[in-house]
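How should one read the main features of a protein model? The dialogue below takes up that request.

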Amino acid sequence: MNLTVFDWSIVIAYFLLSLAVGIWASKQAGKDARSFFLAGRNMPWWLLGISMVATTFSTDTPNLVTDLVRQNGVSGNWAWWAFLLTGMLTVFVYAKLWHRSGVLTDIEFYELRYSGKVAAFLRGFRALYLGLVFNVLVMGAVSLAAIKFGEIVLGLPGWVTLTFACSITLAYSTFGGLKAVIITDFVQFALAMIGSVWGMLYILGLPEIGGLSNLLSHSNVADKLALVPDMSDPNVWVPVLLVPLAVQWWASYYPGSEPGGGGYIAQRMFSAKDESNAVGATFLFNAAHYALRPWPWILIALASLVVFPELTDLQTAFPNLPADKLGHDVAYPAMLTLLPSGLLGLVAASLIAAFMSTMSTQVNLGASYLVNDFYHRFIKPDASETHLVSVGRMFTVISIILGGGLGLMLTSAGQAFNLLLMIGAGTGLIYILRWFWWRINAYTEIVAMISSLLIAYYFNFINTGMEGWQKIVIGAILTTIVWVAATFITPAD
């Protein structure tokens, strides 16, 4: 089904609203770097918590959940549910510490925790690594989902969808800084949840599905419902449950679930009014992110097993979809094409909103690293606040172009998810322990970062015969051994 004029009117109205918020917030954002990157450090817990949830919900998130459910059942979600463990650690241990540190970015913390030239090198290198390489990879994964969504639901070439959505995102992010991002996140999350819940209710009422009870008893669905995988088969429960709970949550540095809290979660904590607001925001995020938000997607994913039980059914229904973009993850946007006019426009706007919320946060966060921790620290220490805001806006433009370009090259949401987990495998324990174990030093982090990159490259491009979970476990163990050895060889700091 193609979008009607009414559907497109809803989408365009959302675009205009986002742009208006950016223009409204632009005056305050241009004052100084802290206003642009931390929204003046005066944000309430509820607004920050919802902003965190909105940022972790992008167009690729329901696609990823659908991919996991279709292949491994509901229990397949333990691949990311396990990160609740590090989320709760952040709430009760690290949120106060981060806010108390008084830094502008979590990378600036390196020169508070460590000392000397090696700490300065780590800060600069990490700024380039996270601000460009890692950040662009995240935006590429998000852009890939927007491309698939555009081709299936909007009936537009992927690059057209990407161009329009990125242009509006770039406009309000560049004008309004983090304050515009946080306020639009609130609107985007409300729209996204209304769209996903309403869409789920309509799909459950389709004649092919016949309501929730018929769905849950359907032969294609009945064996996919367990919250815990089949414990009699180690080929199932080891990768689905054991690895995420025993290794992945502490070993991997994944956006939004960084061990010890980091990235845009830390940025929101820095933006809070005080420590209690930082803690409250992080708690709200974890409750909504893990316990509330995913269930509409899970039910739609289960319904897709009735309507499109095999990949060949998706291929038949969408013959124009490129072969390299066909996967179980496209079942979610495929189900959305069954929605009626009006509701389809609302859901389309909500998923575009989800894409924009993640992209706007990533470009602002990446620019904060590049400006505060590289450009201002090493290139132009005497730069004025106005100049730093201008450079931040320039880096915002560069980041979104690189992220969107990478999205056109990727093929699968699962591919991007596993690559992100592999790149950071084994480094996460450092971010948990460095606040308390003084033996850890800057060399520890440098060695861990380099070794995890080399190991990820080896398993993804040279020795490709292993399963994804095996790569993560072995990568985490090898990286941990290397950085622990480096820690004891080098001086404590």
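The turns that follow treat the overall fold, single residues, one helix and a surface patch.

Q: What kind of model is this, and how many helices and strands does the chain have?
A: The model is predicted. The chain has 22 helices and zero strands.

Q: Which radius of gyration does the chain have, and how is that value to be judged?
A: The value is set against that of a compact globule, which for 493 residues would be near 23 Å; the chain has 22 Å and therefore agrees with it. The C-alpha trace spans about 65 × 55 × 40 Å along the principal axes. Of the 493 residues, 62% are buried.

Q: Is arginine 70 buried or exposed?
A: A residue counts as buried when its relative accessible area is under 20%. Arginine 70 has 4% relative accessibility, so it is buried. Arginine 70 belongs to helix 4, which covers residues 60-72. The C-alpha atom of arginine 70 is separated by 6.8 Å from that of histidine 328, although the two residues are 258 apart along the chain.

Q: Which backbone atom lies 3.0 Å from a polar atom of the threonine 184 side chain?
A: That atom is the backbone oxygen of valine 181. Threonine 184 is situated in helix 9, residues 158-204. Because its relative accessible area is 1%, threonine 184 is buried.

Q: How does the span of helix 21 compare with the one expected?
A: The expectation rests on 1.5 Å a residue. Helix 21 comprises 21 residues, 442-462, and extends 29 Å from its first C-alpha to its last, close to the expected 30 Å.

Q: Which residue caps the N-terminal end of helix 21, and which residues of the helix are buried?
A: The cap is asparagine 441, with a side-chain oxygen 2.8 Å from the backbone nitrogen of tyrosine 443. The buried residues of helix 21 include Ala442, Glu445, Ile446, Met449, Ile455 and Phe459.

Q: Which residues form the nonpolar patch on the surface, and which helices supply at least two of them each?
A: Membership of a patch requires over 30% relative accessible area. Here the patch consists of Leu128, Leu132, Val133, Met394, Ile398 and Leu402, which together have about 470 Å² of accessible area. Helix 8 (116-154) and helix 18 (385-407) each contribute at least two residues.

Q: Where is isoleucine 398 found, and how is its accessibility classed?
A: Isoleucine 398 lies in helix 18. Its relative accessibility is 36%, so isoleucine 398 counts as partly exposed.

Notes: Residues numbered from 1 in each chain as written. Predicted model: local features only at pLDDT ≥ 70, side-chain atom pairs only at ≥ 80, totals over all residues. Heavy atoms only, no water. Patch = residues over 30% accessible without salt bridge, like charges linked within 9 Å, V, L, I, M, F, W, Y side chains within 5 Å. Areas by Shrake-Rupley, 256 points an atom, 1.4 Å probe, with all protein chains shown as cover. Salt bridge = Lys/Arg side-chain N within 4 Å of Asp/Glu carboxyl O. Helix = DSSP H or I, 4+ residues; strand = E, 2+ residues; numbered from the N terminus. Buried < 20%, exposed > 50% of the residue type's maximum accessible area, 1.4 Å probe, protein only. Expected span 1.5 Å × (residues − 1). Polar contact = N/O pair within 3.5 Å; in protein donor to acceptor, adjacent residues only side chain to side chain. Rg over C-alpha atoms; globule rule 2.2 N^0.38 Å.
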